[in-house]
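Let's take a walk through this protein together, beginning with its charged side chains and then moving on to its sheets and cores. Keep the structure open beside you as you read.

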Amino acid sequence: QMGNCGLKSKSSYSDSGPPDTHDRTPEAAAIHNGAVLGLACLSDGSICTCSDDKTLVIYNWKENTQRQLLGHTKAVNRVVASKKSSDFIFSTSRDLSVKQWKQDSGECVQTISNAHTLNIPGIALSPDETQLCSGSRDYSVKVWDVETAQTKATFSAPRNIVTTMAWGGNAGEGGGGGQNIVFQGSEDLCVRGWDVRQSSKVPAVHLTGFVYFPTSLALSHGSNSHLLAAGCKGFNSNGCEVKIWDLRGGRGGNSNGDAGGNSGGPPVLQHQLTGHEHDVTGVQFMKVKHSSSQKDDLLVMSVSRDGYMRRWEGIDLGVGDVTSRRYMPSDRSSYTCLHSWQGFSSDTNEEDSLRYCAVGDVNGSVHVVDCDGTSVHSTAPGVAIE
């Protein structure tokens with residue numbers, strides 16, 4: 001079911017007129033009254049967050065202003081935003097709906113009610129931004145047309161309780177796939193990749209070998225757009241890995257999976273990185289200029305409920321060549337999500353912001369951190385670097 005939300009943002013709308021151009025300045029440190037469950041960096045340099053307090057917030061951290069988006073009736077699980085344009089934000093919720101919001105005004109322009117029959121922890125936008133994918137605990141993954149909000153495809157598998165999603169990458173290079181593969185983690189200890197062009201009940205990519213299930217996914221971009229990273233659930237340093245695969249396959253090594261229809265062979269598990277002590281709740285690939293040359297270094301940033309951010313270096317090198325550094329973006333908070341400003345099609349951000357990550361925590365706060373561990377901005381006090 002599709003419809004206009006017909007709801008107004010508390011901070012941006014009046015009962016009788018268009019959006020107010022004067023956004024409010026937050027009075028308290030935290031921008032949510034509950035945990036930040038997801039966030040997305042926006043093309044104008046601001047951040048969109050979502051929370052179990054039922055709201056989304058567009059937070060301009062440079063001006064310390066925010067716009068609250070109201071409409072969901074239960075916790076908002078995930079948010080994803082346009083990168084090729086500055087038009088739309090999409091969110092999923094425990095109220096079983098998917099909503100579309102305008103970035104500039106915060107207006108809700110479309111709602112898909114009862115998108116699934118159980119909670120919806122996964123959402124991903126296609127690289128061309130014409131399709132949206134949602135993943136649910138009801139074992140299903142659905143592909144939606146962004147313009148019409150009509151279902152284009154549905155995929156499911158037994159015990160496929162979706163935990164996280166990502167779309168893109170050059171999976172199946174030489175055998176098809178690429179930008180048409182949407183990846184999802186599942187509580188049955190695997191990652192599945194579905195080819196949205198097909199109606200097959202068998203995933204195009206199937207990655208196993210987890211101690212516990214994947215809690216976060218990220219795909220690299222640019223010249224390294226064949227890498228998939230997964231952050232994993234874990235306890236007491238058991239199972240809290242960051243796993244990285246080369247999706248092109250055919251490179252030797254331990255694949256721990258299969259990839260149907262991929263003539264390059266199954267994806268190769270390149271790295272299994274340990275160091276976190278609890279759930280790895282966010283992973284991001286980042287490219288930064290090498291300090292002594294113009295070469296781009298490929299990094300993976302990760303955050304965890306253990307209260308630390310890690311920077312993994314040497315990702316594009318061989319097994320055993322990866323090193324890591326550990327940072328504490330705030331006073332040992334438990335971190336819930338991670339995103340960066342890299343990968344936008346237009347150069348709308350300042351050069352420095354391409355080094356920045358946005359991090360959410362269980363206390364409703366947001367932190368902006370340089371990939372070298374320097375705290376740039378925080379709605380909670382304190383930073384320590386090891």
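A good place to start is aspartate 195, which forms a salt bridge with arginine 197; their closest N and O atoms are 2.7 Å apart. Keep in mind as you look that this is a predicted model. Is aspartate 195 buried or exposed? With a relative accessible area of 7%, aspartate 195 is buried, because buried here means under 20%. Side chains of opposite charge can pair when their charged atoms come close.

Next, find lysine 233 and aspartate 279, whose side chains meet in a salt bridge of 3.2 Å, N to O. This pair links distant parts of the chain, with 46 residues separating the partners. Lysine 233 sits in the loop between strand S19 (227–232) and strand S20 (242–246), while aspartate 279 lies in the loop between strand S22 (268–273) and strand S23 (280–289). Aspartate 279 has a relative accessible area of 6%, so it counts as buried. There is also a third participant to look for: Lys233, Asp279 and Arg305 are linked in a network of salt bridges.

One more charged pair is worth a stop. Glutamate 313 forms a salt bridge with arginine 311, and here the closest N and O atoms are 2.8 Å apart. How accessible are the two partners? Arginine 311 is buried, at a relative accessible area of 10%. Glutamate 313 is partly exposed, at 22%, because that value falls between the 20% limit for buried and the 50% limit for exposed. By the rule applied here, the count comes to 10 salt bridges.

Now step back to the whole chain. The protein has 31 strands and zero helices. Of its 386 residues, 58% count as buried. Among the contacts with a separation of 6 or more, 49% are between residues 24 or more positions apart. As for the surface, the protein exposes about 15400 Å², and carbon and sulfur atoms supply 46% of that area.

Strands S19 and S20, which flank the loop of lysine 233, bring us to a sheet. Four strands form an open sheet in the order S18-S19-S20-S22, with antiparallel pairing. Which strands form its edges? They are S18 and S22, each of which pairs on one side only. Neighbouring strands of this sheet are turned by 20 degrees against each other on average, direction ignored. Within the sheet, S19 and S20 pair in the antiparallel sense over five bridges. To see this pairing at the level of residues, look at leucine 228, whose bridge partner in S20 is tryptophan 245.

Those two residues turn up again in the protein's interior. The largest nonpolar core has 16 residues, and those with the most contacts inside it are Phe183, Val191, Leu217, Leu228 and Trp245. Which elements give two or more residues to this core? They are strand S15 (181–186), strand S17 (205–207), strand S18 (214–219) and S19. The largest share, three residues, comes from S19. For a closer view, pick leucine 217: leaving out residues up to four places away in sequence, its contacts include Phe183, Val191, Leu228 and Val283. Apart from this core lies another, of 15 residues, among them Val36, Cys337, Val366 and Val368.

Val368 also leads to a second sheet. In S30, the bridge partner of valine 368 is histidine 377. Strand S29 (residues 366–370) and S30 pair in the antiparallel sense over three bridges. They belong to an open sheet of four strands in the order S27-S28-S29-S30, with antiparallel pairing. Strand S27 (335–340) and strand S30 (375–378) are its edge strands, each pairing on one side only. The twist in this sheet averages 20 degrees from one strand to the next.

A last stop is threonine 163, found in strand S14 (residues 162–167). Threonine 163 counts as buried, because its relative accessibility is 9%. Which residues surround it, leaving aside its neighbours within four places in sequence? Threonine 163 is in contact with Arg78, Pro121, Gly185, Ser186, Glu187, Phe213 and Pro214.

How values were computed:
Residues numbered from 1 in each chain as written. Predicted model: local features only at pLDDT ≥ 70, side-chain atom pairs only at ≥ 80, totals over all residues. Heavy atoms only, no water. Salt bridge = Lys/Arg side-chain N within 4 Å of Asp/Glu carboxyl O. Buried < 20%, exposed > 50% of the residue type's maximum accessible area, 1.4 Å probe, protein only. Core = buried A, V, L, I, M, F, W, Y, C linked by side-chain atoms within 4.5 Å. Contact = heavy atoms within 4.5 Å. Pairing = 2+ DSSP bridges. Axes fitted to C-alpha atoms, helices over the stretch in contact; angles between N-to-C directions. Areas by Shrake-Rupley, 256 points an atom, 1.4 Å probe, with all protein chains shown as cover.
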